[in-house]
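Here are my comments on the model you sent, set out as numbered points. They begin with the charged side chains and then turn to the chain as a whole.

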Amino acid sequence: MTGCAWALVVVTFPFSLFVCFKVVQEYERAVIFRLGRLVSGGAKGPGIFFILPCIDNYARVDLRTRTYDVPPQEVPIYYIA
């Protein structure tokens, strides 16, 4: 199956450049899955990386810290006599 994907990339070479090469930003990483399993080597990025069409899927992971405003809440006070 991987051989067929490589053949597809070679046959459609000019067009496959737009599909096979992906770019992730400085604050992102890409986790690549080949046929549903994690590819060895860990997360890719930042920069350009290569994926095989129809075989590889990737997920972008944002590394930036997010902050949320949490409104203050009332806490009931119970007195025990």
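1. A salt bridge, as the term is used in this note, is a side-chain nitrogen of Lys or Arg within 4 Å of a carboxyl oxygen of Asp or Glu. Please keep in mind that the model is predicted, and that every value below is computed from it. By this rule, the side chains of Arg66 and Asp62 meet in a salt bridge, with 3.7 Å from N to O. The count under the rule comes to four salt bridges, and three of the pairs are discussed here.

2. Asp62 has a second partner, since Arg64 also forms a salt bridge with Asp62, in which the closest N and O atoms are 3.0 Å apart. Asp62, Arg64 and Arg66 are thus linked in a network of salt bridges. As for solvent exposure, Asp62 is partly exposed, its relative accessible area being 28%, and Arg64 is likewise counted as partly exposed, at 48%. Arg66, on the other hand, counts as exposed, because its relative accessibility is 56% and the cut-off for that class is over 50%.

3. Which residue does Arg60 meet in a salt bridge? The partner is Glu28, and the N to O distance is 4.0 Å. The pair links distant parts of the chain, with Arg60 in strand β5 (residues 56-62) and Glu28 in strand β2 (residues 28-34), 32 residues apart. In general, side chains of opposite charge can pair when their charged atoms come close.

4. Are the two residues of this pair buried or exposed, or something in between? Arg60 is partly exposed, with a relative accessible area of 46%, whereas Glu28 counts as buried because its relative accessibility is 12%, and buried means under 20%. Leaving aside residues up to four places away in sequence, Glu28 touches Pro46, Arg60 and Val61, so that its salt-bridge partner appears in its list of contacts as well.

5. Turning to the chain as a whole, there are two helices and five strands, and along the sequence they follow the pattern α-α-β-β-β-β-β. The radius of gyration is 22 Å, well over the 12 Å that the globule rule gives for 81 residues, so the chain is more spread out than a compact globule. The C-alpha trace spans about 80 × 25 × 20 Å along its principal axes.

6. Of the 81 residues, 19% count as buried, and the chain exposes about 6900 Å², of which carbon and sulfur atoms supply 62%. Among contacts between residues at least 6 apart in sequence, 61% join residues at least 24 apart. With regard to charge, the chain has 8 positive and 6 negative side chains, and the centres of these two sets lie 14 Å apart.

7. A last point concerns Leu38, which lies in strand β3 (residues 37-38). Leu38 counts as exposed because its relative accessibility is 55%, yet Leu38 touches Val31, Ile32 and Phe33 when residues up to four places away in sequence are not counted. How far apart are the C-alpha atoms of Leu38 and Pro72? They are separated by 42 Å, the two residues being 34 places apart along the chain.

Terms used:
Residues are numbered from 1 along each chain as its sequence is written. This is a predicted model: local features need pLDDT of at least 70, side-chain atom pairs count only at pLDDT 80 or more; totals for chains, interfaces and linings use all residues. Side-chain values use heavy atoms; hydrogens and water are left out. Helices (H or I, at least four residues) and strands (E, at least two) are DSSP runs, numbered from the N terminus. Buried means under 20% relative accessible area, exposed over 50%, partly exposed in between (1.4 Å probe, protein chains only). The radius of gyration is taken over C-alpha atoms; the globule rule is 2.2 Å times the number of residues to the power 0.38. Contact means heavy atoms within 4.5 Å. Accessible areas come from the Shrake-Rupley method with a 1.4 Å probe; for residues, only the protein chains shown count as cover. Lys and Arg count as positive and Asp and Glu as negative; His and the chain ends are not counted. The place of a charge is taken as NZ of Lys, CZ of Arg, CG of Asp or CD of Glu.
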